[in-house]
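Q: Please take a close look at one part of this model, and follow the packing outward from there. I would like a connected account of which elements meet, at what angles, and through which residues.

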Amino acid sequence: MVDETDVRELIERPVYPTALGASSLKTITLLGADLAQDVMGEVGFGELAFWLATQRRPTPGETRVFEAVLAALADHGFTPTAIVTRLTYLSAPDSVQGALAAGLLGGGSRFLGVTEDCGRFLHDVLTGAEGPLPTDDAGWDALALKTVRVQREARRFVPGLGHHVHKEGDPRTPRLLEIAAEEGLFGPHLSLFAAIGRVHPQVLGKQLPLNGAGVCGAALADLGLPMELLRGFALLARTAGLIGQLAEELRHSVASGVFLSVDLNNRSVDPDPYLSDPLTHHDTDGGRHG
């Protein structure tokens, strides 16, 4: 006879479904495949990362474009994310995870976050466009011109446009566009982004480069990856770069020089009191200035 208590526990026991990793006594499955036999040594890390995010195995072309994006974003020199990783390691060499996390937390609107910002921006334009999407360069140029004008009138930047170092052209951009075209994955996001690169001088009066972070966002969007995770892929790529930064820091320290440069060259100055916005400033009696 089945115990009534056991039946009740089975009925009420919560279930947490997942198609990702699961373990039994002798096997580990991942995405429906045997991890040890079908994944390890058979699937590259870039391919696996795509597979994990979409729960479908990418085609060879998709893998090539995706891995090109990861390579483009892995490292870009002594950016704030790299510097803070090195400095955190200098302060806490017992916490590699802390150093890596410090660098990743700096992935925002100025560094790395542009990948997501650009992908979302292009996607919003495309989904908001009236009628069918363009099918030739002239059509894309017209949509891009309208887009840049709207941004200019609203005094908003176009994500992915401009670079503080590569002022004459980011070398990553044409290469990624080329790879996507070779693989038949030059979709609407890349088409609109490329058109923005062609027409924006007509509105802005100057030539700005399409930066690598922006083109990566467009490429990821064309791969059909979740918009909410585009920055996550940039962070995935930069994690490898930050490990490289730490590996070099172990052999040739830069962080100690940065720290000493600031520490030995700071100077004392008079206080500079913060003045609040007069619209939010309160009188001592609790009244508010009008």
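**From the sheet to the packed helices**

A: In this predicted model, 3 strands form an open sheet in the order S1-S2-S3, with antiparallel pairing. The edges are taken by strand S1 (22-23) and strand S3 (33-34), each of which has a single partner strand, so one side of each is left without a neighbour in the sheet. The pairing of S1 with strand S2 (residues 28-30) is antiparallel and runs over 2 bridges, and within this region Ser 23 stands opposite Ile 28 in S2.

S2 also leads to the helices, since it is one of the elements against which the buried residues of H3 pack, the others being helix H2 (35-39), H4 and helix H12 (230-251). In helix H3 (residues 45-54) the buried residues are Gly 46, Glu 47, Leu 48, Ala 49, Phe 50 and Trp 51, a list that includes Glu 47 alongside Leu 48 and Phe 50. Just after H3, Gln 55 adopts a positive phi of about 60°.

H4, one of the partners of H3, takes the account on to H11. The axes of helix H4 (residues 60-73) and helix H11 (residues 212-222) come within 10 Å and cross at roughly 160°; because angles over 145 degrees count as roughly antiparallel, H4 is roughly antiparallel to H11. This crossing is left-handed. On the H4 side the contact involves Val 65, Phe 66, Val 69, Ala 72 and Leu 73, which meet Ala 213, Cys 216, Ala 219 and Leu 220 of H11. By class, the residues of this contact comprise 9 nonpolar, no polar and no charged.

H11 is also packed against helix H7 (residues 113-128), at an angle of about 55° and with the axes 7 Å apart, which makes H7 oblique to H11. The crossing of H7 and H11 is right-handed, whereas that of H4 and H11 is left-handed. From H7, the contact is made by Val 114, Thr 115, Cys 118, Gly 119 and Leu 122, and from H11 by Ala 213, Gly 214, Cys 216, Gly 217, Ala 218 and Leu 220. Divided by class, the contact of H7 with H11 has 7 nonpolar, 4 polar and no charged residues; Gly counts as polar in this division. Ala 213, Cys 216 and Leu 220 of H11 take part in the contact with H4 and also in the contact with H7.

Methods
Residues are numbered from 1 along each chain as its sequence is written. This is a predicted model: local features need pLDDT of at least 70, side-chain atom pairs count only at pLDDT 80 or more; totals for chains, interfaces and linings use all residues. Side-chain values use heavy atoms; hydrogens and water are left out. Axes are lines fitted to C-alpha atoms, for helices over the stretch in contact, and angles run from 0 to 180 degrees between N-to-C directions. Helices (H or I, at least four residues) and strands (E, at least two) are DSSP runs, numbered from the N terminus. Angles under 35 degrees count as roughly parallel, over 145 as roughly antiparallel, 65 to 115 as roughly perpendicular and the rest as oblique. A crossing is left-handed if the near helix is turned anticlockwise from the far one by less than a right angle, and right-handed if clockwise. Contact means heavy atoms within 4.5 Å. Two strands pair if DSSP finds at least two bridges between them. Buried means under 20% relative accessible area, exposed over 50%, partly exposed in between (1.4 Å probe, protein chains only).
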